[in-house]
Amino acid sequence: METAIDLQAESFVRELAAAIIAPRGGECLACYLDRVLRDAPCDGSLHLARTYRNALAPRAVALEGRLESGGGFCDCEVLMNVYWSKTDEVKPCHGARRGSTKPCDLWLRRRRGDRW
């Protein structure tokens, strides 16, 4: 039997988790994935990429297909195969316009046939 305190605790944890994975205004997709994946494990899907798209770039309906075509079949693979950080340091995002899924200038986008 769940008590009121159990329900409050569960609600608090859900709200906290939602706040952690919420995209920040002006944050690019790559910086968002990098930030969130530092605190939360990848679940083997593009859940976080979809969360970003739904919140900040809802018209980017081809996002998943583009990421997958670059080898990003889950959120962590996006950072391994699709976007490459120009620096090893954690830096604040240089920004992205609302509606865009392009990375900021802290990231390189891998093109088909590119080798790292």
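How many aromatic pairs does the count come to here? The count comes to one aromatic pair. Keep in mind that this is a predicted model.

**The tyrosine pair**

The partners are Tyr-32 and Tyr-52, whose ring centres sit 5.6 Å apart with the planes at 40°. Planes under 30 degrees apart would count as stacked and those over 60 as edge-to-face, so what lies between is called tilted; that is the label this pair gets. Tyr-32 belongs to helix α2 (residues 29–37), while Tyr-52 belongs to helix α3 (residues 47–56), so the pair ties together parts that are 20 residues apart in sequence. Both rings' residues are out of reach of the outside: Tyr-32 is buried, at 0% relative accessible area, and Tyr-52 is buried as well, at 1%.

**Salt bridges**

Next come the charged side chains, where the count is five salt bridges. Here are some of them, with the N to O distance for each.

| Basic partner | Acidic partner | N to O distance |
|---|---|---|
| Arg-35 | Glu-27 | 2.8 Å |
| Arg-38 | Asp-34 | 3.2 Å |
| Arg-50 | Glu-64 | 3.5 Å |

Let's take Arg-35 and Glu-27, which meet through their side chains. Arg-35 has a relative accessible area of 17%, and Glu-27 has one of 7%. Buried means under 20%, so both of these charged residues fall in that class.

Arg-38, the partner of Asp-34, is a bit more out in the open: its relative accessible area is 48%, which makes it partly exposed.

Then there is the bridge between Glu-64 and Arg-50. Glu-64 lies in helix α4 (residues 63–69) and Arg-50 in helix α3, so this contact ties together parts that are 14 residues apart in sequence. Glu-64 is partly exposed at 23% relative accessibility, and Arg-50 is partly exposed too, at 28%. The story doesn't end with two residues, though: through salt bridges that share partners, Arg-50, Arg-53 and Glu-64 are joined into one network.

Helix α3 therefore turns up twice in this report, with Tyr-52 in the aromatic pair and Arg-50 in the salt bridge to Glu-64.

**A nonpolar patch on the surface**

Which residues make the nonpolar surface patch? Phe-12, Val-13, Leu-16 and Ile-20 do, and the patch covers about 380 Å². Phe-12 is found in helix α1, which spans residues 4–21. Is Phe-12 buried or exposed? Its relative accessible area is 54%, and the cut-off for exposed is over 50%, so Phe-12 counts as exposed.

Terms used. Residues numbered from 1 in each chain as written. Predicted model: local features only at pLDDT ≥ 70, side-chain atom pairs only at ≥ 80, totals over all residues. Heavy atoms only, no water. Phe/Tyr/Trp six-rings, centres within 6.5 Å; stacked < 30°, edge-to-face > 60°. Helix = DSSP H or I, 4+ residues; strand = E, 2+ residues; numbered from the N terminus. Buried < 20%, exposed > 50% of the residue type's maximum accessible area, 1.4 Å probe, protein only. Patch = residues over 30% accessible without salt bridge, like charges linked within 9 Å, V, L, I, M, F, W, Y side chains within 5 Å. Areas by Shrake-Rupley, 256 points an atom, 1.4 Å probe, with all protein chains shown as cover. Salt bridge = Lys/Arg side-chain N within 4 Å of Asp/Glu carboxyl O.
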